[in-house]
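This briefing concerns a sheet, a helix that packs on it, and one pocket. Please consult the sequence and the model displayed here before reading on.

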Amino acid sequence: MKKKKAILLPCLEKGRLEAGCDEAGRGCLAGAVYAAAVILPPDFRNEELNDSKQLTERQREALRPLIENEALAWAIGVVTPEEIDRINILKASFLAMHRAIEQLRVTPEHLLVDGNRFTPYPGIPHTTVVKGDGKYLSIAAASVLAKTHRDEYMDGLNGKYPGYSWDRNRGYPTKAHRDAIRILGTTPCHRKSFTLLPPVQLTLDF
């Protein structure tokens, strides 16, 4: 039996200007972490919109212009690999969200943030929502924008640094990506603070 798709909620509180926030690329070995902040109109509805991880690449790419055209405001925030290495990936994820929020042309009254932790943004209260990208339309929209913008960025890096299959793995720790690191070494885009290769297991014979 096919699992019934959950109906995403339009907002946490009616009548309040809310921005959904989400990030993409947190678990990658290479590339920047991206975040998006999206304010949707109160009457926005779309049955296809869902957590970006539950969508195909074609579905995400089809939803991106729709979200960007219909949103009251949207913005992308980026934190570089060098910054990630300096401040750690958790802080970098929050910083990317902050950078997205500060670029919104409309100031939201409240933030809906995917996850269970967040560094407060000055002057705007927030609510964290575990798996919020599968519960609220605005967070799902942010997840789609963060993912598609980051994928586009990784596709560009793939042309600059061929051999790592970034057009397919987008910087995530796949076998092909780690094999390439082992053979080709690292690039300036790799996160040096991450465990890029698993430790070698030594077998001692007595």
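On a 1 Å grid over the protein atoms alone, a pocket is an open set of points where a 1.4 Å probe fits, with protein on both sides within 12 Å along at least five of seven lines; lining residues have an atom within 4 Å of a point. The volume of a pocket is the space filled by probe spheres set on the points, which are joined across faces, edges and corners. The model is predicted: local features need pLDDT of at least 70 and side-chain atom pairs pLDDT 80 or more, whereas totals for chains, interfaces and linings use all residues. Residues are numbered from 1 along each chain as its sequence is written, and side-chain values use heavy atoms, without hydrogens and water.

**Pocket**
- The second largest pocket holds about 280 Å³ of space.
- Its lining comprises 17 residues, of which Pro10, Cys11, Arg16, Leu40 and Pro42 are the closest to the centre.

**Sheet**
- An open sheet of mixed pairing is formed by 5 strands in the order E3-E2-E1-E4-E5 (strands are DSSP runs of E, at least two residues, numbered from the N terminus; two strands pair if DSSP finds at least two bridges between them).
- Strand E3 (73–79) and strand E5 (126–129) are at the edges with a single partner strand each, so one side of each has no neighbour in the sheet.
- Strand E4 (residues 110–114) runs parallel to E5, joined by 4 bridges, and Val113 is opposite Thr128 in E5.

**Helix on the sheet**
- Helix H4 (residues 137–160) packs on the sheet and touches strand E1 (18–24), strand E2 (33–39), E3, E4 and E5 (contact means heavy atoms within 4.5 Å; helices are DSSP runs of H or I, at least four residues).

Methods: Axes are lines fitted to C-alpha atoms, for helices over the stretch in contact, and angles run from 0 to 180 degrees between N-to-C directions.
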